[in-house]
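Work through the exercises below with the model open beside you. Try each task before reading its solution.

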Amino acid sequence: MDVKAIAKGYRVRALMGEYVVNDQKEPIGTIDDFVIARDDAAVFAVLQVGDFLGLGGNLVAVPFQSLEMDGPGGLIVLPGATRAALAKLPVFEYGS
């Protein structure tokens, strides 16, 4: 295990609540949480989308790898996303 490579990664705690934008730098939501799937260990980002700047909206899950973490200006970018398209995704609900 290369601890130096790991140290260059992203701390989940630091990403919580961060804004996510689309290609046009339009805000589309905020990061609410991360979920690791049990079967294949895939990681999903849970985004709060809907109301202005993602506050008070619905939760949706997107594959973590679909996020560009070092976008322009250090932004977290979900390429091709729109608030309207994300609002059409199934609402994510936390299991017990």
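**Exercise 1. Compare the radius of gyration of the chain with the globule rule.**

Solution. Start with the rule: the radius of gyration is taken over C-alpha atoms, and the globule estimate is 2.2 Å times the number of residues to the power 0.38. For 96 residues, a compact globule would come out near 12 Å; the chain has 14 Å, which agrees. Next, take the box. Along the principal axes, the C-alpha atoms fill roughly 40 × 35 × 20 Å.

Ground rules for what follows. The model is predicted, so local features need pLDDT of at least 70 and side-chain atom pairs pLDDT 80 or more, while totals for chains, interfaces and linings use all residues. Residues are numbered from 1 along each chain as its sequence is written, and side-chain values use heavy atoms, with hydrogens and water left out.

**Exercise 2. Describe burial, surface, contacts and charge for the chain.**

Solution.
- Burial: 27% of the 96 residues count as buried. Buried means under 20% relative accessible area, exposed over 50%, partly exposed in between (1.4 Å probe, protein chains only).
- Surface: about 6,500 Å² is exposed, and carbon and sulfur atoms supply 56% of it. The areas come from the Shrake-Rupley method with a 1.4 Å probe; for residues, only the protein chains shown count as cover.
- Contacts (heavy atoms within 4.5 Å): of those with a separation of 6 or more, 40% join residues 24 or more positions apart.
- Charge: there are 8 positive and 12 negative side chains, and the centres of the two sets lie 7 Å apart. Lys and Arg count as positive, Asp and Glu as negative; His and the chain ends are not counted. Each charge is placed at NZ of Lys, CZ of Arg, CG of Asp or CD of Glu.

**Exercise 3. List the elements, then assemble the sheet.**

Solution. First, count. The chain has three helices and five strands. These are DSSP runs (helices H or I, at least four residues; strands E, at least two), numbered from the N terminus. In order, the elements read α-α-β-β-β-β-β-α.

Second, pair the strands. Two strands pair if DSSP finds at least two bridges between them. The result is an open sheet of five strands in the order S4-S3-S2-S1-S5, with mixed pairing. S4 (58-63) and S5 (76-77) are the edges; each has a single partner strand, so one side of each lacks a neighbour in the sheet.

Third, check the antiparallel pairs.
- S3 (residues 43-49) and S4 share six bridges and run antiparallel. Val46 has Ala61 of S4 as its bridge partner.
- S2 and S3 are antiparallel too, joined by six bridges. Here Phe34 is matched with Ala45 in S3.
- S1 (residues 19-21) and S2 (residues 27-36) run antiparallel with three bridges. Val20 is matched with Gly29 in S2.

**Exercise 4. Which residues in the two hairpins take a positive phi?**

Solution. Take S1 and S2: five residues lie between them, and Lys25 in the turn has a phi of about 65°. Lys25 is a residue other than glycine. Then take S2 and S3: six residues separate the strands, and Ala41 has a positive phi near 60°. Ala41, too, is a residue other than glycine.

**Exercise 5. Is Lys88 buried or exposed?**

Solution. Locate Lys88: the segment after helix H3 (83-87). Its relative accessibility is 72%, so Lys88 counts as exposed. Finally, check the distance to Val60. The two are 28 residues apart along the chain, and their C-alpha atoms are separated by 9.3 Å.
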